[in-house]
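Visitor: I should like a close look at a single part of this structure. Please describe the surroundings of one loop residue in detail.

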Amino acid sequence: RSTRLPQALGTLRRPNPPLAVGVTSPGEADGKTRTAINLAGALAQDAHTRVLLTDLDLRCSGRGIDDYLDLDGAARPGVTDWIRSEDQRQQNPAARVDGFNVDYLHRGGRAESTYELLRSPALDELLEQSRRAYEFIVLDTPHALMMSDVELISRVVDGFLIVVRAGHTNRSDLENTLNLIARDKVLGLVFNGASQPAR
């Protein structure tokens, strides 16, 4: 994979406070979760850079970051637990991913009311606390056209990377996604699954 994206985000962050980047896509199977994981890993190549990978796809019933990285998310409190419980907010719920310079915050217990969780001021507090501890926060967020989740998340991130998959992502869905997210919140597009040109 190209190193241009991490370099571009590093340049964007330098004159600013820590950068919180949401990774979304128009629909399912575009590769957003893998992209979020790979981006966090690429940003963490510098041992002095503190990176937090957060699973904010609270409605997800398919494979999440826990599954891709073979982690036991249930062993620690996650995002939903932190938002629901004031006691949980007294500690950093993130844990180091073994063998990587990345801390990980999983989505937490089952979300009964995702809308209420995402609009809670406690989510703002979580991101503010994370910005004090990390240079980069990479958030795997829901698909952009799912409910109003990405619109709610937009207030706590600096911008979104939109993942599209060659031969899979519907053009009208991408257009709707770009119309849904404020222009100044679109950091770029990640083109996934393209075949390599012959050499």
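Guide: What follows describes one loop residue and then the helix after the loop.

This is a predicted model, in which local features need pLDDT of at least 70, side-chain atom pairs count only at pLDDT 80 or more, and totals for chains, interfaces and linings use all residues. Residues are numbered from 1 along each chain as its sequence is written, and side-chain values use heavy atoms, with hydrogens and water left out.

Ser25 sits in the loop between β1 (19-24) and α2; helices (H or I, at least four residues) and strands (E, at least two) are DSSP runs, numbered from the N terminus. Because its relative accessibility is 1%, Ser25 counts as buried (under 20% relative accessible area, with exposed over 50% and partly exposed in between; 1.4 Å probe, protein chains only).

The side chain of Ser25 takes part in a polar contact of 3.3 Å with the side chain of His143 (a pair of N or O atoms within 3.5 Å; within protein, one must be able to donate a hydrogen and the other to accept it, and residues adjacent in sequence count only if both atoms are side-chain atoms). That side chain of Ser25 also reaches the backbone oxygen of Gly27, at 2.9 Å. Apart from residues up to four places away in sequence, Ser25 touches Asp30, Lys32, His143, Ala144, Ile162 and Val163, contact being heavy atoms within 4.5 Å.

Lys32 is also one of the buried residues of α2, among them Thr33, Ala36 and Leu43. The 12 residues of helix α2 (residues 32-43) should span 16 Å at 1.5 Å a residue, and the end C-alpha atoms are 16 Å apart, which agrees; the expected span is 1.5 Å times one less than the number of residues.
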